[in-house]
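Work through the exercises below with the model open beside you. Try each task before you read its solution.

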Amino acid sequence: MTDRGGSVLVLTNRYDVTTDVVLRKLAARRVPVVRFDPGVDPYAGASLSAGYGRVGQRGTLRTESRELDLTEVRSVWVRRPSPYEGPAELPGQERRFAAEQSFWGTGGILGSLPGAHYVNHPWDNRAAEHKPAQLAAAFRCGFRVPGTLITSDPGEAREFVAGQPGGAVYKPLWNTPYRVDGSPYSVWVREVRAEEVTDEVALCPHLFQARVDKAFDVRLTAVGDRLFGARLDSPDLDWRRRQHLMRCTPVDVPEAVTRSATLYLDDLRLVYASFDFAVTENGSWYFLECNPNGQWAWQPDDITDAIAEALTDQLQRGPAL
């Protein structure tokens, strides 16, 4: 692999241990790395500046241990940065102002580094997180997709759910933090019957989907043109609910799925993505969703190491000439 020089900028929070798997590989290859959490570090002594003029764009990032010339960044890995929430000591209006200025200022600088290779670009990540965009892209790219309805009309929701001969499920459109009696509460994918659909559906959009009679699930992790398939056998409809009961083993990826996954990445301008599929007894793969920044280090060691190696290759390589 040709090494074009420059640093890898990793945008993530300080508790993200998954990042360390790749950072160790970059260190072994003597690739310089700067780790930065744009939502938190500027309030703990870090600084970021950028200038624009006749000489082009220049800038400097200073952290506790590094000083980085932004023109010398070869790759940016957008992993799990903290949200832009502003300094905690500020009152409400001032904190919101600081948070939004940081989002548009700091985020704007980090999303506009000249010549850097993004895995993935933060704006492409955000666009690809919308489930309607995922479903539309999945259809364009040739995936099988279960019948799906997104609606805030209770009547349409009941009619759709009642019309699914194999049953229907509900899933949230976004993993919004939710608490019950002060404790965190997760909204899992669950089966739903028409009589359970209340008029409160009118309060916001809801996603209903035909239930796939699956034999198992698949998590397909894509890094560029390299795909890593893992079969997930779980007693639950939503395998994330009790991951300790799930069995994860490698699985071959059909050529048709490989072609569609490649088209999907190109369509949504992604380098990395985590696809979720439901697979039936007859071998039909149904697209459920695609997280452009999904977790991957929970998989068996051989799959995790292969994904980390592929990410390390992407970050070391930098932009295509």
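**Exercise 1: A small sheet**

Task: work out the strand order and the edges of the sheet that holds S3, S4 and S5.

Solution. The model is a predicted one. Step one: take the order, which is S3-S4-S5 in an open sheet of three strands with antiparallel pairing. Step two: find the edges. Strand S3 (47–53) and strand S5 (67–69) each pair on one side only, and these are the edge strands. Step three: add the twist, which averages 10 degrees from one strand to the next.

**Exercise 2: One strand pair**

Task: how many bridges join S3 to S4, and which residue is the bridge partner of Ser49?

Solution. Strand S4 covers residues 56–62 and runs antiparallel to S3. Seven bridges join the two. For Ser49, look in S4: its bridge partner there is Thr60.

**Exercise 3: The largest cavity**

Task: describe the largest cavity by volume and lining.

Solution. Start with the search of the whole structure, which finds two cavities of 30 Å³ or more. The largest holds about 270 Å³ of space. Its lining has 17 residues, and Lys171, Val189, Asp217, Leu237 and Leu288 are the closest to its centre. Next, assign elements: strands S9 (168–171), S13 (206–210), S17 (272–279) and S18 (285–291) each give two or more residues to this lining. Last, sort by class: eight nonpolar, one polar and eight charged.

**Exercise 4: The second largest cavity**

Task: what is the make-up of the lining of the second largest cavity, by class?

Solution. The space is about 50 Å³. Residues lining the second largest cavity include Trp77, Arg79, Tyr272 and Trp296. The classes are seven nonpolar, three polar and one charged.

Technical notes. Residues numbered from 1 in each chain as written. Predicted model: local features only at pLDDT ≥ 70, side-chain atom pairs only at ≥ 80, totals over all residues. Heavy atoms only, no water. Pairing = 2+ DSSP bridges. Helix = DSSP H or I, 4+ residues; strand = E, 2+ residues; numbered from the N terminus. Axes fitted to C-alpha atoms, helices over the stretch in contact; angles between N-to-C directions. 1 Å grid on protein atoms, 1.4 Å probe; cavity = no way out; pocket = protein on both sides within 12 Å on 5 of 7 lines; lining within 4 Å. Points joined across faces, edges and corners; volume = space filled by probe spheres on them. Nonpolar A, V, L, I, M, F, W, Y, C, P; charged D, E, K, R; others polar.
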